[in-house]
Amino acid sequence: MEDKRILVVDDDEMIRDVYSQAFATAGYTVQTAGSAEEALEIMRKTPFWVLFLDLNLPGINGLELCRQTRKDWSMAIAFAVTGYASLFELHDCREAGFEDYFIKPVEFSDLFDAADHAFRKLARWKRR
Amino acid sequence: MQILIAEDDNTSRKILAAILKKWGYDTIETCDGIGAWEELKKPQAPNIVLLDWNMPGMDGLEVCRKVRQLDSSEPRYIILLTARGDSEDIIQGLEGGADDYIAKPFNSEELRARINVGCRIVGLQIELARKEKLQGVLEMARTVCHEINQPLHVLSGLSDLLLLQVDKDDPRYTMMTKIKSQVFRIGELTKKIMRMTSYQVKDYMDGRSKIIDIEKSSTVDEHSFCVLLNFKGG
């Protein structure tokens, strides 16, 4: 079975740690990055096709990271996970290319479902 | 609406008070600068002030200057009343902090019109202060909520990890489930607070103080959501 690899970008170390542990129990391999710049470097070496991005990142923000990711790796499926809830932010996320949008705190089972759905989609796309 | 009058001539003061009352204003009357200054130091002093310039002791211009030096957020619209009418004096009056100037003997309808201007300006200042306060409150609330949501997210994940490690019939399982539900309870609260665009207050502790009624203040505005979808090229 193909290794299910996800990239998590969040500047909070504890959040990165909990993602690593939680997603590992659900059978995923997790790579984390503390900034958009770090994430882009990782993507250039080995692209990830499922990403969870915090929006409020130091330097380049999550929206811009999503735009760049979708431009250079158009098959990538990105999810926004943010601490701030606002109507305008939801619209901006959809415009930037996010598949979905979650407001912290999120049920990790919802994130697993999102990742699972994304991998099924990718598998279906590969089979065409 | 209250107006403060400072006029040392008894007859003039009584006539002025009578005219203002006829126009529907409540008046606080003082007969010299010191009296006026004492009143104007109070936060609940009238927002509209009619000061005679020539008064013994502290004159109107002096009162005006002192009021402008007060560190008060209360708007004070000051009209100087005076027999002095030439440009030099007008300039001195306005530079000293007066908002307007009317020469004696004055036409009462003109005074009324100038007082109306004062009411309009005070109204604008009060509204602006209210909007700024609201913005400040909402920005603070949103910032705090955003920060709180970060550790809540960690707690959510850790709760799930612990729940995996504990048997369902272990009493700790129930406790962990409760901890997790409280984490999400806080999450629902932060979501509500972040939705607020204005706020309503309610009494706290038998009315000893006021707190924000989060329920009433955070009802989701369905209309705004639809307008947003249409506006942004939907």
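This is a short walk through two sheets, some aromatic rings and one long helix in the structure above. Keep in mind that we're looking at a predicted model.

Okay, let's start with chain A. Its five strands make an open sheet, ordered E2-E1-E3-E4-E5, and the pairing is parallel. At the edges you'll find strand E2 (29-33) and E5, each pairing on one side only. Going from one strand to the next, the twist averages 20°. If you want one spot to zoom in on, try strand E1 (residues 5-9), which runs parallel to E2(A) and is joined to it by five bridges. A:Leu7 has A:Gln31 as its bridge partner there.

So what packs on that sheet? Helix H3 (residues 62-72) of chain A does, touching E1, strand E3 (50-53) and E4, with its direction at about 165° to that of E3(A). Helix H5 (residues 108-127) of chain A packs on the sheet as well, and it touches E1, E3, E4 and E5. The direction of H5 makes about 165° with that of E4(A).

Now the rings. How many aromatic pairs does the structure hold over all chains? There are 11. Take A:Phe79 and A:Phe102: the ring centres are 6.3 Å apart and the planes sit at 45°, so we call that pair tilted. The two residues are 23 apart in the chain, with A:Phe79 in strand E4 (residues 77-82) and A:Phe102 in strand E5 (residues 100-103), so to speak a link between distant parts of chain A. Are they buried or exposed? A:Phe79 is buried at 3% relative accessible area, and A:Phe102 counts as buried too, at 13%. Both belong to a cluster linked by ring pairs, whose members include A:Tyr19, A:Tyr28 and A:Phe112. Elsewhere, A:Arg5 has its charged end over the ring of A:Phe48, 4.0 Å from the centre.

Over to chain B. Here we have an open sheet of five strands with parallel pairing, in the order E2-E1-E3-E4-E5. Strand E2 (26-30) and strand E5 (100-103) each have a single partner, so one side of each is left without a neighbour in the sheet. Strand E1 (residues 2-6) pairs with strand E3 (residues 48-52) of chain B over four bridges, and B:Ile5 is matched with B:Leu50.

Last stop, helix H6 (residues 171-195) of chain B. It has 25 residues and reaches 37 Å from first C-alpha to last, close to the expected 36 Å. Its buried residues include B:Tyr173, B:Phe184 and B:Met194. What covers the buried residues of H6(B)? The cover includes helix H5 (108-165) and helix H7 (214-217) of chain B, together with E5 of chain A.

Note on methods: Residues are numbered from 1 along each chain as its sequence is written. Chains are lettered from A and ligands numbered from 1 in the order in which they are written. This is a predicted model: local features need pLDDT of at least 70, side-chain atom pairs count only at pLDDT 80 or more; totals for chains, interfaces and linings use all residues. Side-chain values use heavy atoms; hydrogens and water are left out. Rings of Phe, Tyr and Trp (its six-membered ring) pair if their centres lie within 6.5 Å; planes under 30 degrees apart count as stacked, over 60 as edge-to-face and the rest as tilted. Buried means under 20% relative accessible area, exposed over 50%, partly exposed in between (1.4 Å probe, protein chains only). A charge sits over a ring if NZ of Lys or CZ of Arg is within 6 Å of the ring centre and within 35 degrees of the ring normal. Two strands pair if DSSP finds at least two bridges between them. The expected span of a helix is 1.5 Å times one less than its number of residues. Contact means heavy atoms within 4.5 Å. Axes are lines fitted to C-alpha atoms, for helices over the stretch in contact, and angles run from 0 to 180 degrees between N-to-C directions.
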